[in-house]
Amino acid sequence: MSNKGKLIVLAAFVKNDDGELVPAFDPRQVDSEDRAKRDAQLIADHYAGVVAWSREADPSIGEYGPPTIIFHSGEIPELE
């Protein structure tokens with residue numbers, strides 16, 4: 001049985017003392033792409049970088065598609 005759906009995530013980053021990007025908080029799963037974009041826009045001015053992205057996912061078999069960026073601002077690491 002497939003549990004395929006869409007994984008939508010919001011993440012933010014700050015720079016540490018060495019100037020490297022590190023997560024500001026654990027990535028948050030969001031209910032919709034619209035909400036992810038809206039939330040990302042609201043917090044963008046408070047972090048070095050913010051990204052909202054989605055991907056097709058079937059966690060029951062560990063299958064994940066490539067990420068699609070919904071919104072990004074500032075510096076973000078490369079998505080895997």
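Here are four short exercises on the structure above, each with a worked solution.

The model is predicted, so local features need pLDDT of at least 70 and side-chain atom pairs count only at pLDDT 80 or more, while totals for chains, interfaces and linings use all residues. Residues are numbered from 1 along each chain as its sequence is written, and side-chain values use heavy atoms, with hydrogens and water left out.

**Exercise 1. Find how many helices and strands the protein has, and the order in which they run.**

Step 1. Count the elements: the protein has one helix and six strands. Helices (H or I, at least four residues) and strands (E, at least two) are DSSP runs, numbered from the N terminus.

Step 2. Walk along the chain from the N terminus, and the order is β-β-β-α-β-β-β.

Step 3. Add the dimensions: along the principal axes, the C-alpha atoms fill a box of roughly 45 × 25 × 15 Å.

**Exercise 2. Search the whole structure for aromatic pairs and describe what turns up.**

Step 1. The search gives one aromatic pair. It is formed by Phe-25 and Tyr-47, with 5.9 Å centre to centre and 80° between the planes, which makes it edge-to-face. For reference, rings of Phe, Tyr and Trp (its six-membered ring) pair if their centres lie within 6.5 Å; planes under 30 degrees apart count as stacked, over 60 as edge-to-face and the rest as tilted.

Step 2. Place the two residues. Phe-25 lies in the loop between strand S2 (21–23) and strand S3 (28–29), and Tyr-47 in the loop between helix H1 (33–43) and strand S4 (49–58), so the pair ties together parts that are 22 residues apart in sequence.

Step 3. Check accessibility, where buried means under 20% relative accessible area, exposed over 50% and partly exposed in between (1.4 Å probe, protein chains only). Phe-25 has 15% and is buried, whereas Tyr-47 has 27% and is partly exposed.

Step 4. Look for a charge at the ring. Arg-28 lies over the face of Phe-25, 3.8 Å from the ring centre. The rule here asks for NZ of Lys or CZ of Arg within 6 Å of the ring centre and within 35 degrees of the ring normal.

**Exercise 3. Say whether Phe-13, Leu-10 and Gly-5 are buried or partly exposed, and what each one touches.**

Step 1. Begin with Phe-13, which is found in strand S1 (residues 5–15). Phe-13 is buried at 10% relative accessibility. Contact means heavy atoms within 4.5 Å; not counting residues up to four places away in sequence, Phe-13 touches residues including Leu-21, Tyr-47, Val-51 and Ile-76. Phe-13 and Tyr-47 are 34 residues apart in sequence, with 6.0 Å from C-alpha to C-alpha.

Step 2. Move to Leu-10, also placed in strand S1. Its relative accessibility is 3%, which counts as buried. Among the residues it touches, leaving out those up to four places away, are Phe-25, Arg-28, Ala-40 and Ile-43.

Step 3. Finish with Gly-5 in strand S1. Gly-5 is partly exposed, at 28%. Beyond its neighbours within four places in sequence, Gly-5 is in contact with Arg-55, Glu-56 and Ala-57. Gly-5 and Ala-57 are 52 residues apart along the chain, yet their C-alpha atoms are separated by 5.4 Å.

**Exercise 4. Work out what share of the residues is buried and what share of the contacts joins residues at least 24 apart.**

Step 1. Of the 80 residues in the protein, 30% are buried.

Step 2. Take the contacts between residues at least 6 apart in sequence: 53% of these join residues at least 24 apart.
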